[in-house]
Amino acid sequence: MSDSLSGSTRIGITRRCFTAAWFAFAALPGSARAAAPTPLTFDTLYSEFGVRGLVFSPTVKASVGKPVSIIGYMAPPLMAEATFFVLTREPLAICPFCQSDADWPSDIVVVRLAGASPLVSAGTRVTVTGTLEVGTATDPDTGFVSQLRIVDAEYRRGP
Amino acid sequence: MGRVFLVGIELARAPSGSPIDEVAMLKRALLATVLVTAGWTGGAVAQTIYPLDRAEILSGSKFDLKVEFPGTVAADQLKVTIDGKDAAEVLGAKPEIVAKEDGHDLTAYWLRGVSLTTAGKVKVEASAGTEKKSVAWEVFDTPKGRVAKNVILFVGDGFSIAHRTAARIMSKGIVQGHFGGELAVDDMPYMALISTPGTDSIVTDSANAMSAYTTGHKTCVNALGIYCAKNKNTLDHPKVETIGELVKRKTGMALGVVTNSEIEDATPAGIVAHTRKRSDFNDIVEMFYDVKPDVIMGGGSPNFLPKSTPGSKRKDDVDYLKKFEEAGYAFVSTKTEMEKAVADGKSKILGLYNTGNIDGALDLKYLKKGSVSKFPDQPDVVDETKAAIATLSKNPNGFFLMVESARIDKYSHSLDPERALFDTIMLDNAVKYAKDFAAKNGDTMIIVVADHAHPVSIIGTYDDDRPGQTPREKLGTYADAKVPNYGPVDAEGYPTNIDVSRRIALEFGTTPDTCFNAKPFMDGENVPAVAGATPKTYVENPKNCERPGAVHITGNLPFDASSGVHSGDDVLLTAMGPGAEVFHGRLDNTRVFRAMATALGLAK
Ligand SMILES: [Zn+2]
């Protein structure tokens, strides 16, 4: 218990620093961050969620190519520093990248970071901001196929 | 190995003042014991022959004979014989010899898709010059011909003794040491202890465990329907025929595969699949399509959808829902659609009821957590079993049906006792239905077995009326345990309330670092640990630490474990019907295949 308490204190401090840094970066011109990002949630990504497939919600369809933000949990990453991770609705106990009997949930979001960044524990909520991309794409390094991506992205800890 | 381990501990604890040569002597003794125990011979690596030594092969079943010769061996130096005669001639196949196969320093010799049809022991010898290696196989016949019209194999994934006992207490009640009734899984005339080790380890996973039941051959962790050779491509390893393929190739029987996991998961896949890696889900869908079981039911639809469909997990644009429909299947995605397809008399049904696993009984029936809000009309394993039997039993040639209650295992991994026990009761209800079906004609063999165990045990009860807040204060052992006070059971034998003041303490022998408060997980399946910031480490799920009375539990598993693990304990098998009398004493898991093949007369 004492471990986890000091852990959350550390996270708190880091979050404040990180948030400040993010605002500074967000103020930079150039990328899709010029307009305020449309907040997305895992509950509103799809208008239909069924066995025959998923249907993107009108909000998602209207936000393609535009800045968005979403809160979720970082799935166990492939590497400590990466430019690519999977965002999930709930913290993932299993690691589909590391164990063969685990499988991804269907409603994941792939996040491609603007630059390499240290990744955080899957128990930590993160807010991801970037440009929304939809449609089939295969990651050239891992072969990972995704339908919904936030690219040129950055993240901060906490909601 | 147990003794070796103890010597190791003694060494580690030896006082620092021990004479050095005594320690050295112990070390030598330890090394010698390890070498003898592990059967090392030292020297050059010998050739490996697949199927491995002591394989039992159904007469007439297909398999790949592969020999891996170390190094580069000229074709005229290679000799593979069966009882002294050239193997290629005996098996009527042309050998394929591959030097440096997959870049390995070995020469591979293959005879693919061969079979042996004379029962008895055979000696297979592979020689390269003077280097000789031999294995013994037993080819077995099914001399009585077919004695069972139908076979129903129930697999409780991870279904261990404590699950059985706790489900009996929960579902039937207990008064002064007497249960209020029998579970259907207990009330069967034949019983055996089944040992589950694989070719590589004393502990199996669901893949090699199921593979032993469906092929009669042991294999290694993560593998299905193959021997684990050195091939790089997971689909290239030497294959052995599955009971699903045998039934389809040799009989006019109907075939059914029913589960509440994803249909591509190891246990259902074991009926059709050949792969070194159970996570080859997209290939496994194709293998289902190749074998074409008449009834296929479970979760896991994304691997059937072309990659252009949002939610798909395929890497190609093949639409397997469409392909199955074109092959004459009725595709159903809800319980209502499933029941309509049965009522309409469809003979081929593909039912996929969830994108992931079908929700377990506790969520489906009472708590409505998990994915029930997204998939409100999912069948449970009992509904699926009824639909499958109704459909398959129309075939006058009989049927083979595999039914899995998959989440006993999954909820035991997640250290969620109530969910694991509800799914044990669900398995029992499905077995009861099958027994009632079998009672009508007496020509159905029913087997109920686990594929492997979990380290679970009943150690008492957690009693909220005991003083204190934490699990250790709430735990009553021996006389203090008394009996649990679950709510009354419903018509299906499920307790109507699990969040009661005195609950069964079903303990898990293995944990990652986690937080624990000995209360049921009313808001959804337990997530004991989450990935830590350091790759391949897991830390306690912080949400669990906020639960009232929660204490931190230091894990006893390797740091890369996120949940509980399987155990290597034997499991119980119960059985009834024609052919089931062979189940008694202790048996290797491969004998389950042999019993089913024998009951169906599948030889030759
Ligand atoms: Zn398992």
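Here is a short tour of three spots in chain B, starting at the zinc ion. Keep in mind that this is a predicted model.

**Stop 1: the zinc site.** Select the zinc ion together with B:D409, B:H413 and B:H566. B:D409 is listed for two OD donors, while B:H413 and B:H566 each bring NE2, and these donors sit 2.0 to 2.4 Å from the metal. Turn on angle labels and you'll get 56 to 149° among the four donor atoms, which makes the site irregular. Read along the chain, the donors are spaced D-x3-H-x152-H. Now colour by secondary structure: B:D409 is in helix α13 (residues 407-413), whereas B:H566 is in the loop between β26 (551-553) and β27 (571-576), so this pair ties together parts that are 157 residues apart in sequence. Switch on a surface next; are B:D409 and B:H566 buried or exposed? Both are buried.

**Stop 2: a helix pair.** Select residues 335-343 and 381-392 of chain B, which are helices α10 and α12. Their axes come within 10 Å and cross at roughly 20°. An angle under 35 degrees counts as roughly parallel, and α10(B) and α12(B) are therefore roughly parallel to each other. The crossing is left-handed. Show side chains to see who meets whom: B:K335, B:M338 and B:V342 from α10(B) contact a set in α12(B) that includes B:D383, B:A387 and B:T391.

**Stop 3: a covered helix.** Finish on α6, residues 243-250 of chain B, where B:I243, B:G244, B:E245, B:L246 and B:V247 are buried. To find what covers them, add the neighbours, among them α5 (206-215), β14 (254-262), α8 (281-291) and α17 (590-599) of chain B.

Terms used: Residues numbered from 1 in each chain as written. Chains lettered and ligands numbered in written order. Predicted model: local features only at pLDDT ≥ 70, side-chain atom pairs only at ≥ 80, totals over all residues. Heavy atoms only, no water. Donors = N, O, S within 2.8 Å, 3.2 Å for Na, K, Ca; no water. Tetrahedral: all angles 85-135°; square planar, octahedral: opposite > 155°, others 65-115°. Helix = DSSP H or I, 4+ residues; strand = E, 2+ residues; numbered from the N terminus. Buried < 20%, exposed > 50% of the residue type's maximum accessible area, 1.4 Å probe, protein only. Axes fitted to C-alpha atoms, helices over the stretch in contact; angles between N-to-C directions. Parallel < 35°, antiparallel > 145°, perpendicular 65-115°, else oblique. Left-handed = near helix turned anticlockwise from the far one by under 90°. Contact = heavy atoms within 4.5 Å.
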